[in-house]
Amino acid sequence: MTRRDNWSRVLTAAVAIAGTAAVVAVGSQPRVGAAAGAGQAAASSAARSVMDRVYTTEQAKRGRGLYEKRCVLCHLDRGQGHEAMPEIVGQSLEREGDAEAPPVAGEAFRKKWGGRNAWELFSTMANTMPVGGPRSLAPQEYADVLAFIFELNTFPAGQQELTAARDGLEPIAIGPAPGN
């Protein structure tokens, strides 16, 4: 049985038991996002934001190490990303990495992700990154990279680490807390 099949069985069982898709990070690869919109009403009652110190500096440090190994080639050293390079007939502009990578820091990132929740970003990362190897990191490693992305965006660190669990990430708004 493949990891993907195993993860599908775990996810199916979680849906049947809890009524919503739950991420269970016990040595399996995340397959998240299929039901990312479910449970919004429950999440809004305990809404927090990244300004509420939702990760630790140690977690961001681990995330930085992973980012430097798996993400920096496309998203660059400060998370600024880059636009697609033009194709010039007869010339090779070969380079490693993705031809286009969105920013994971700065104004463009905040504009795209502001008002969305940390679960949506985690799901996107786990299901699409790194290019050519989605779901190749452990769930907690994706959470660590997410902590580093929050650090890149100067969201303040705190005393509790981000979890890879949906119910821990979904209530966290990217940007100011709702109503602020």
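Is Thr154 buried or exposed? This is a predicted model, and in it Thr154 counts as exposed because its relative accessibility is 63%, over the 50% cut-off.

## Backbone oddities

Thr154 also stands out for its backbone. Its phi is positive, at about 60°, even though Thr154 is not a glycine. You'll find Thr154 in the loop between α7 and α8 (166-169).

Arg53 does a similar thing elsewhere: phi is near 60°, again a positive value in a residue other than glycine. Look for Arg53 in the loop that runs between β1 (48-49) and α3 (57-70). Then there's the peptide bond joining Met129 and Pro130, which is cis, with omega at about -10°. Pro130 belongs to the loop between α6 (118-128) and α7 (139-152).

## Helix α6, mostly under cover

How many of the 11 residues of α6 are buried? Eight are, which leaves this helix mostly covered. The buried set is made up of Ala118, Trp119, Leu121, Phe122, Ser123, Met125, Ala126 and Asn127. As for what sits over them, the cover includes α5 (107-113), α7, α8 and β2 (172-173).

The N-terminal end of α6 has a cap, and Asn117 provides it: one of its side-chain oxygens lies 2.9 Å from the backbone nitrogen of Trp119. Trp119 is itself among the buried residues of the helix.

## How α6 meets α7

Helix α7 is part of the cover over α6, so it's worth a look at how the two pack. Their axes come within 10 Å and cross at roughly 120°. That angle makes α6 oblique to α7, because it falls outside the 65 to 115 degrees that would count as roughly perpendicular and isn't over 145 either. The crossing is right-handed.

On the α6 side, the contact is made by Ala118, Leu121, Phe122, Met125 and Ala126. Those residues also appear in the buried set of α6. From α7, the partners are Pro139, Tyr142, Ala143, Val145, Leu146, Ile149 and Phe150. A bit of helix geometry is handy here: an α-helix has 3.6 residues a turn, so residues three or four places apart point the same way.

## Salt bridges

How many salt bridges does a search of the whole structure find? It turns up six. One of them pairs Glu161 with Arg62, with the closest N and O atoms 2.9 Å apart. Glu161 sits in the loop between α7 and α8 while Arg62 is in helix α3, so this pair links distant parts of the chain, 99 residues apart. Both ends count as partly exposed: Glu161 because its relative accessibility is 35%, and Arg62 because its value is 31%. Arg62 and Glu161 are also linked with Asp144 in a network of salt bridges.

Another bridge brings the side chains of Glu151 and Arg64 together at 2.6 Å, N to O. Since Glu151 lies in helix α7 and Arg64 in helix α3, the pair ties together parts that are 87 residues apart in sequence. Glu151, at 24% relative accessibility, counts as partly exposed, and so does Arg64 at 31%.

Arg78 forms a salt bridge with Asp77, and here the closest N and O atoms are 3.7 Å apart. Arg78 is exposed, with a relative accessible area of 57%.

Conventions
Residues are numbered from 1 along each chain as its sequence is written. This is a predicted model: local features need pLDDT of at least 70, side-chain atom pairs count only at pLDDT 80 or more; totals for chains, interfaces and linings use all residues. Side-chain values use heavy atoms; hydrogens and water are left out. Helices (H or I, at least four residues) and strands (E, at least two) are DSSP runs, numbered from the N terminus. Buried means under 20% relative accessible area, exposed over 50%, partly exposed in between (1.4 Å probe, protein chains only). Contact means heavy atoms within 4.5 Å. A polar contact is a pair of N or O atoms within 3.5 Å; within protein, one must be able to donate a hydrogen and the other to accept it, and residues adjacent in sequence count only if both atoms are side-chain atoms. A salt bridge is a side-chain nitrogen of Lys or Arg within 4 Å of a carboxyl oxygen of Asp or Glu. Axes are lines fitted to C-alpha atoms, for helices over the stretch in contact, and angles run from 0 to 180 degrees between N-to-C directions. Angles under 35 degrees count as roughly parallel, over 145 as roughly antiparallel, 65 to 115 as roughly perpendicular and the rest as oblique. A crossing is left-handed if the near helix is turned anticlockwise from the far one by less than a right angle, and right-handed if clockwise.
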